[in-house]
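Let's take a walk through this protein together. Have a look at the sequence and the fold, and then we can go through the details.

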Amino acid sequence: QVQLVESGGGSVQAGGSLRLSCAPSAYSDMRYSVGWFRQAPGKEREGVAAISTDGRTTFYAEAVKGRFTISRDNAKNTVYLQMNSLKPEDTAMYYCAADIRVTRSGSGPAYFNGASYWGQGTQVTVSS
């Protein structure tokens with residue numbers, strides 16, 4: 001069982017930046033692929049980014065590619081999502097997830113198929 005805690009959400013203007021962090025609660029570890037999903041009001045949850053256990057492989061949704069960067073510091077047991085050039089359409093509740101199921105064919109788009117463990121979410125609001 002993994003319990004995840006997100007931090008770093010907030011409100012920014014379009015073009016601004018935020019960095020989200022995800023760490024396990026006490027007695028949990030992050031020896032999984034980890035990533036982020038988001039859900040805007042009235043919309044389905046969608047995958048945003050994921051990173052492999054060793055940090056060597058990353059996956060991004062087409063909507064955030066080139067603007068968001070996912071990374072992990074296994075020594076600190078923490079995963080980060082650096083979000084730059086934020087747009088109003090990035091406004092959503094962002095959820096950290098572990099043991100993510102994500103696939104990609106070659107250099108094609110990544111498909112996020114859910115995860116086993118979820119955090120409670122952190123709100124990101126981008127105003128125009």
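How many bridges join strand E1 to E3, and in which direction do the two run? Strand E1 (residues 4–7) is joined to E3 by 4 bridges, and the two run antiparallel. Please keep in mind as you read on that this is a predicted model.

## The chain as a whole

The protein chain has 11 strands and 0 helices. Following the sequence from start to end, you meet the pattern β-β-β-β-β-β-β-β-β-β-β. The C-alpha trace spans about 40 × 35 × 25 Å along its principal axes. A compact globule of 128 residues would have a radius of gyration near 14 Å, and the protein chain, with 14 Å, agrees with that.

Of the 128 residues, 45% count as buried. The accessible surface comes to about 6700 Å², and carbon and sulfur atoms hold 45% of it. Contacts across the sequence are well represented: among those between residues at least 6 apart, 58% join residues at least 24 apart.

## Strand E3 and its partners

Strand E3 pairs with E1, as we saw, and one bridge in that pairing links Ser-7 with Ser-21 of E3. Strand E3 also pairs with strand E8 (residues 78–83): here 5 bridges join the two, again in an antiparallel arrangement. If you would like a residue to look for, Cys-22 has Val-79 of E8 as its bridge partner.

Is strand E3 enclosed or open? Of its 7 residues, 5 are buried, so E3 is largely enclosed by the rest of the structure.

## The disulfide

Cys-22 has another link to offer. A disulfide joins Cys-22 to Cys-96, with an S to S distance of 1.9 Å. The count for the model is 1 disulfide. A disulfide is a covalent bond between the sulfur atoms of two cysteines.

What does this disulfide tie together? Cys-22 belongs to strand E3 (residues 18–24) and Cys-96 to strand E9 (residues 92–104), so the pair connects parts that lie 74 residues apart in sequence. Both Cys-22 and Cys-96 are buried. The link between them is left-handed, with -80° about the S-S bond.

## The loop between E8 and E9

Asp-90 sits in the loop between E8 and E9. Is Asp-90 buried or exposed? Asp-90 has a relative accessible area of 0%, so this residue is buried. Its side chain makes a polar contact with the side chain of Arg-38, at 2.9 Å. Beyond its neighbours within four places in sequence, Asp-90 is in contact with Arg-38, Arg-67, Phe-68, Ser-85, Val-124 and Val-126.

Ser-85, one of those contacts of Asp-90, is also placed in the loop between E8 and E9. With a relative accessible area of 42%, Ser-85 is partly exposed. Its backbone deserves a glance too: Ser-85 has a positive phi of about 50°, although it is not a glycine.

Asp-99, which is found in strand E9, likewise has a positive phi, near 60°, in a residue other than glycine. At 29% relative accessible area, Asp-99 counts as partly exposed.

## Two buried strand residues

Met-83 lies in strand E8 and is buried, at 0% relative accessibility. Leaving aside neighbours within four places in sequence, Met-83 is in contact with Gly-16, Ser-17, Leu-18, Leu-20, Arg-67, Phe-68, Tyr-94 and Val-124. For a sense of distance, the C-alpha atoms of Met-83 and Trp-36 are 12 Å apart, while 47 residues separate the two along the chain.

Thr-122 lies in strand E11 (residues 122–127). This residue counts as buried, at 11% relative accessibility, because the cut-off for buried is under 20%. Which backbone atom does the side chain of Thr-122 reach? The answer is the backbone nitrogen of Gly-9, at 3.2 Å.

Not counting residues up to four places away in sequence, Thr-122 touches Glu-6, Gly-8, Gly-9, Leu-20, Ala-92, Met-93 and Tyr-94. Leu-20 and Tyr-94 appear in the contact lists of both Met-83 and Thr-122.

How values were computed. Residues numbered from 1 in each chain as written. Predicted model: local features only at pLDDT ≥ 70, side-chain atom pairs only at ≥ 80, totals over all residues. Heavy atoms only, no water. Disulfide = S-S within 2.5 Å. Buried < 20%, exposed > 50% of the residue type's maximum accessible area, 1.4 Å probe, protein only. Pairing = 2+ DSSP bridges. Polar contact = N/O pair within 3.5 Å; in protein donor to acceptor, adjacent residues only side chain to side chain. Contact = heavy atoms within 4.5 Å. Rg over C-alpha atoms; globule rule 2.2 N^0.38 Å. Areas by Shrake-Rupley, 256 points an atom, 1.4 Å probe, with all protein chains shown as cover.
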